[in-house]
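I set out to look through this structure sheet by sheet, then at its helices, its charged pairs and its cysteines. These are my notes, in the order in which I looked things up.

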Amino acid sequence: MKHRIVVLGAGYAGAVAAGRLARRLHPDDIEITVVNADTDFVERVRMHQLATGQDLKHHELSKVYAGSGVRVRQARVTAVDVDRRTVALTDGRDTDEIAYDTLVYALGSAAADHGVPGVAEHAYDISGRPSALRLRDRLAQLPAGATVLVVGGGLTGLEAVTEIAEARPDLDVALATRGALGDWLTAQAQRHLRGVCARLGITVHEHTDVARVDATGVVTGGGRVLPAQVTVWTAGFAVHPIAAATTLTVAGTGQIVVDATMRSVSHPDVYAVGDAALADGPGGKPLRMSCASGIPMAWQAADAIAIRLTGRTKIPKAPLRYYNQCISLGRRDGLIQYVTADDRAKPALLKGALAARYKEIVCAGAAWSIAHPIPYPVRRHRILATRTEALAATP
């Protein structure tokens, strides 16, 4: 009987983990199933492009994994029973249940409203393809002079507001950010960011908390009204609640608590990667939700699973650290802020057209890595005879 590995979610982390496992373990011994709600791998880091009318390349999962032995199941996960080792699924018509021996949980995250009234009813987000397409349709309906407000001054908000302003210079585009604009960046980077916003005609509302969203805009914590015909919410992400409904040990954020190998601290046959996992980076600082975290986490989990299942003992360490923050500021401008291993800004940076090209290479490379997980092993290893032996192989 083959060892059943089920990967939940085919975002950057889940898709990379599945492909890497397929290239590290012998196909006669394993059965890898990827469960994903979409037929495609979606480049989440490009959702601001999709929302502004750009057409993105499709990455059909069945083609991505062609010849690898990985099976793709299009379905939505409705529940996980980690004690029975089963996953409940629905395809919108029927329900089903599949069993696993090893689970890789990579269901990712969605936009978080942080309890702000009106967000769900009146705001748009770009946390996934369906929501980005809804925003795309709405923006296309706006006449010249219409107002668009992006709430949230993090990486997602900066990329969204500049993309919208560049694509639709006829709109009145604004950004509301809780702190100062780009206040985690170096002074030089902040100056560039302000220059870009000025060039694109973006009104920036700094030190602004949003207390309520309605159909005509937002109300700030100080009672000020910021009018907007379209409000785009980019003020953070929250994980899917499925993990918190299980007996897995989870953090207050709902993320699965994992060890240095991405293995659940409470259930040794469960691994979690990407936004769904709470893992420590350099200095004990939790890794942030990002593609830059998710892909190395997937490498680490896949290598740990392969090592343990094949009875070997030395688990290689993936580079769970940061090198830079890549920010696109429209199609022709960008900002690459180099950072320390624990994600603090360093003096060095790139800006302008060169930074835009750099960011494009990074995005394209991340998508390429889904179908080409590297480094490839020299050969695929055979697993131990029984699941019990495999689980007991290493601590």
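**Sheet with β11 to β18**

I began with an open sheet in which five strands pair in parallel, in the order β11-β18-β12-β13-β14. I keep in mind throughout that this is a predicted model. The edges are formed by β11 (123–124) and β14 (203–205), each of which has a pairing partner on one side only.

Looking inside the sheet, I found that β12 (residues 147–151) and β18 (residues 230–233) run parallel and are joined by four bridges. Within this part I noted Val151, which stands opposite Trp233 in β18. As a reminder to myself, strands of a sheet pair through backbone hydrogen bonds, in either a parallel or an antiparallel manner.

**Helix α6**

I then asked which strands α6 lies across. They are β12, β13 (172–176) and β18, and the helix runs at about 170° to β13. Helix α6 covers residues 155–167, and its 13 residues reach 18 Å from the first C-alpha to the last, close to the 18 Å expected at 1.5 Å a residue.

Because 10 of its 13 residues are buried, I describe α6 as largely enclosed by the rest of the structure. The buried set includes Leu158, Val161 and Ile164, but I also wrote down that Glu159, Glu163 and Glu166 belong to it.

**Sheet with β5 to β21**

Next I followed a five-stranded open sheet with the order β5-β2-β1-β9-β21, again with parallel pairing. Its edge strands are β5 (71–74) and β21 (270–272), since each pairs on one side only. On average, neighbouring strands here are turned by 20° against each other, with direction ignored.

At the β21 edge, I found three bridges in the parallel sense between β9 (residues 102–105) and β21, and there Tyr105 stands opposite Ala272 of β21.

Two helices that pack on this sheet went into my notes. Helix α1 (residues 12–24) touches β1 (3–8), β2 (30–36) and β9, and its direction makes about 165° with that of β2. Helix α8 (residues 291–309) touches β1, β9 and β21, at about 160° to the direction of β21.

I checked the length of α8 as well: its 19 residues should span 27 Å at 1.5 Å a residue, and the C-alpha atoms at its ends are indeed 27 Å apart, so the two values agree. As 16 of those 19 residues are buried, α8 is largely enclosed by the rest of the structure. Just after this helix, Gly311 takes a positive phi of about 80°.

**Salt bridges**

How many salt bridges does the structure hold? I found 26. One of them joins Arg85 to Asp269, with 4.0 Å between the closest N and O atoms. Arg85 sits in the loop between β6 (76–81) and β7 (86–90), while Asp269 sits in the loop between β20 (256–257) and β21, so this pair ties together parts that are 184 residues apart in sequence. Its two ends are set differently against the solvent-accessible surface: Arg85 is partly exposed, with a relative accessible area of 25%, whereas Asp269 is buried, at 6% relative accessibility.

I also noted the pair of Arg93 and Asp91, whose closest N and O atoms are 3.5 Å apart. Here Arg93 is exposed at 68% relative accessibility, and Asp91 is partly exposed at 36%. In a further pair, Arg344 comes within 3.1 Å of Asp342, counted between the closest N and O atoms, and Arg344 is partly exposed at 47%. Beyond single pairs, salt bridges with shared partners join Arg20, Arg24 and Asp303 into one network.

**Cysteines**

Last, I searched the whole structure for disulfides and found zero. Why does Cys197 form none? Its sulfur is 18 Å from the closest cysteine sulfur, that of Cys326, which is too far for a bond. Cys197 is buried, with a relative accessible area of 3%.

Cys291 is likewise in no disulfide, its nearest cysteine sulfur being that of Cys363 at 7.7 Å, and Cys291 counts as partly exposed at 23% relative accessibility.

Key:
Residues numbered from 1 in each chain as written. Predicted model: local features only at pLDDT ≥ 70, side-chain atom pairs only at ≥ 80, totals over all residues. Heavy atoms only, no water. Disulfide = S-S within 2.5 Å. Buried < 20%, exposed > 50% of the residue type's maximum accessible area, 1.4 Å probe, protein only. Pairing = 2+ DSSP bridges. Axes fitted to C-alpha atoms, helices over the stretch in contact; angles between N-to-C directions. Contact = heavy atoms within 4.5 Å. Expected span 1.5 Å × (residues − 1). Salt bridge = Lys/Arg side-chain N within 4 Å of Asp/Glu carboxyl O.
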